[in-house]
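Open the model in a viewer and keep the selection panel at hand. Each stop below gives a selection and then what is found there.

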Amino acid sequence: MTPENVVVIGAGAAGLMAAAAAAEKGHQVTVYEHNEKAGKKIYITGKGRCNLTNACDAEEFFTHVVRNPKFVYSAYYQYDQQRVMDFMEANGCPVKVERGKRVFPVSDHASDVTKAFTDFLRKKHVRVFYNQGVREILTEDLESAVPSPAPSGDPKYAKKAGKNKKPVQTKAVRGVALEDGRTVPCSRVILCTGGRSYPSTGSTGDGYRLSMDLGHSIEEPAPSLVPLTVKEAWPLDLQGLALKNVSVSFYPLDQEGKGKKKPVFEDFGEMLFTHFGISGPIILTGSCSLDFRRHPEGYRLFLNLKPAIPSGELEERLFREFALAPGKKLANALRSLFPQRLAEAVADLSGLGQDLEVRKIDAQGIHAIAGLIQALPMTVTGTRGFAEAIVTRGGISTREINPSTMESKLVQGLYFAGEVIDIDAHTGGFNLQLAWSTGHLAGWSV
Ligand SMILES: Cc1cc2nc3c(=O)[nH]c(=O)nc-3n(C[C@H](O)[C@H](O)[C@H](O)COP(=O)(O)OP(=O)(O)OC[C@H]3O[C@@H](n4cnc5c(N)ncnc54)[C@H](O)[C@@H]3O)c2cc1C
């Protein structure tokens, strides 16, 4: 094997792993990162503790990959969670497994994950340049070997390549142009620039432009694993209130009344009311299944506050409790079921009011209250955007990337890894595992 001159663009999770794998294989590797340090996003993952992977089995792992799970099979099987944990242990970052098989550094410091990589890269003589962004990937035409000026980038994320056209390599990588104007010759580039979420960490969407300039198609990026905004005012009054053991189900609003009864998402767990709407684990996971471009009117969300109680039993319980203390006001009576603020909200939403004595509530009223408790409706109007999205859905089309190598099917010597690709997963360490697996495969394949 002849060592290649490999340039890695971006020193996030995928770029660090890609550089480590390429260096391990004996290549001469240079990393360009436009931030002042490596792994700026890694520092804020897992609330600063970095949930770096998830120790579940392969079958479960793929149930958590939302888009294009088949595309990542090869990457995952050649570098799975165990290999990530072994790498960490071998490079000064012992790990532990917590609730939900989430894996963290024993130190609880995300910075130790990044340090394991930067120490490794130093040992392997990888050159890492900070405050140095890449502006363009230089190519030449494969047949004639005449340098081909890259076509200018399409400002919109329009799909360029026809869906049915078989992609072919017509260009080969010859170097990169840096933001300071210098050009660096190389025959291999691994593009690891991330998506568009949390742009303050450096992932500003550059990778989409760089690859579109070379003819790649982009599945339109959208915020995912993101808090949601709601139309009603009452959830905002409950801001700060966290609920456990509740369930949610989402239905597109434009399908209401059209006989489509199946929710696009339902789950059980924890959620949180905020000053703009709703957040928390089941809401973030639910956001992966919502598409506001397809359903611009938004979604109806039904919140079941007591999913463990069969509906008939809930009514009977209300009957019993109301009969035991007939003089109690409705909001106070509901406090045996919920925190006060929520009990007040349910009483208001029932239309009966907080102060109505429960002895005045008839069977129909009790039926209505029980119905509300198990299907409290909200109108979800949108997301909090890329600024608050944990990941970006969409990105470079997987149809144009060879899943066995991560190489572009259009440009010889161009490889992709991490969130810049149209892959994303649920919370729990799965997104970082995608970055490690695809990063390793790309670095190993060059
Ligand atoms: C708040 C938060 C918490 C999260 N917590 C977890 C978690 O606990 N577990 C988990 O699995 N996932 C978590 N994620 C998701 C996970 O962090 C990402 O999926 C993962 O970091 C993606 O890695 P990446 O290398 O593809 O992209 P990034 O980490 O975004 O790295 C891209 C890098 O490329 C650089 N770059 C961009 N453009 C250029 C350019 N033109 N030239 C040079 N450099 C460039 C950027 O500065 C950046 O350093 C979290 C995300 C967020 C926002």
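Begin with two residues: select Phe302 and Pro377, which stand opposite each other, Pro377 being in β18. The coordinates belong to a predicted model.

**Stop 1: around β18**

Extend the selection to strand β17, residues 299-304, and to β18; the two run antiparallel and are joined by five bridges. Next add strand β13, residues 228-230. β13 is linked to β18, residues 376-383, by three bridges, again in the antiparallel sense. To find one of the paired positions here, pick Thr229, whose bridge partner in β18 is Gly382.

**Stop 2: a parallel sheet**

Clear the view and select five strands: β7, β2, β1, β11 and β21. They form an open sheet in the order β7-β2-β1-β11-β21, and the pairing is parallel. Which strands stand at the edges? They are β7 (127-129) and β21 (414-416); each has a single partner strand, so one side of each has no neighbour in the sheet. Averaged over the sheet and with direction ignored, neighbouring strands are turned by 20° against each other.

Now keep β21 and its neighbour β11, residues 188-191. Three bridges connect these parallel strands. Label Ile190 and Tyr415: Ile190 stands opposite Tyr415, which is in β21.

**Stop 3: an antiparallel sheet**

Select β3, β6 and β5. These three strands make an open sheet in the order β3-β6-β5, with antiparallel pairing. The edge strands are β3 (53-54) and β5 (95-98), each pairing on one side only. Between β5 and strand β6 (residues 102-105), the antiparallel pairing covers four bridges. Lys96 can be used as a marker: its bridge partner in β6 is Phe104.

**Stop 4: helices α1 and α6**

Two packed helices are described by the angle between their axes and the distance between the axes. Select α1, residues 13-24, and α6, residues 110-123; their axes come within 10 Å and cross at roughly 30°. Angles under 35 degrees count as roughly parallel, and α1 and α6 are therefore roughly parallel to each other. Their crossing is left-handed. Show side chains for the contact: Leu16, Ala19, Ala20 and Ala23 come from α1, while Phe117, Phe120 and Leu121 come from α6. Seven nonpolar residues make up this contact, with no polar and no charged residues.

**Stop 5: helices α1 and α14**

Keep α1 and swap α6 for α14. The axes of α1 and α14 come within 7 Å and cross at roughly 30°. Is this crossing left-handed or right-handed? The crossing of α1 and α14 is right-handed. On the α1 side the contact includes Ala13, Gly15, Met17 and Ala22; on the α14 side it includes Leu432, Trp436, His440 and Trp444. Sorted by class, the contact of α1 with α14 has 13 nonpolar, five polar and no charged residues.

**Stop 6: the ligand**

Finally, select the ligand and the residues around it. How many residues surround the ligand? There are 39, and the closest are Gly10, Gly12, Gly194, Gly202 and Gly418. By class the shell has 16 nonpolar, 18 polar and five charged residues. Colour α1, α2 (40-44) and α14 (430-445), since each supplies at least two residues of that shell. With four residues, α14 gives the most to the shell.

Note on methods
Residues numbered from 1 in each chain as written. Predicted model: local features only at pLDDT ≥ 70, side-chain atom pairs only at ≥ 80, totals over all residues. Axes fitted to C-alpha atoms, helices over the stretch in contact; angles between N-to-C directions. Parallel < 35°, antiparallel > 145°, perpendicular 65-115°, else oblique. Left-handed = near helix turned anticlockwise from the far one by under 90°. Contact = placed C-beta atoms within 7 Å. Nonpolar A, V, L, I, M, F, W, Y, C, P; charged D, E, K, R; others polar. Pairing = 2+ DSSP bridges. Near = placed C-beta within 6 Å.
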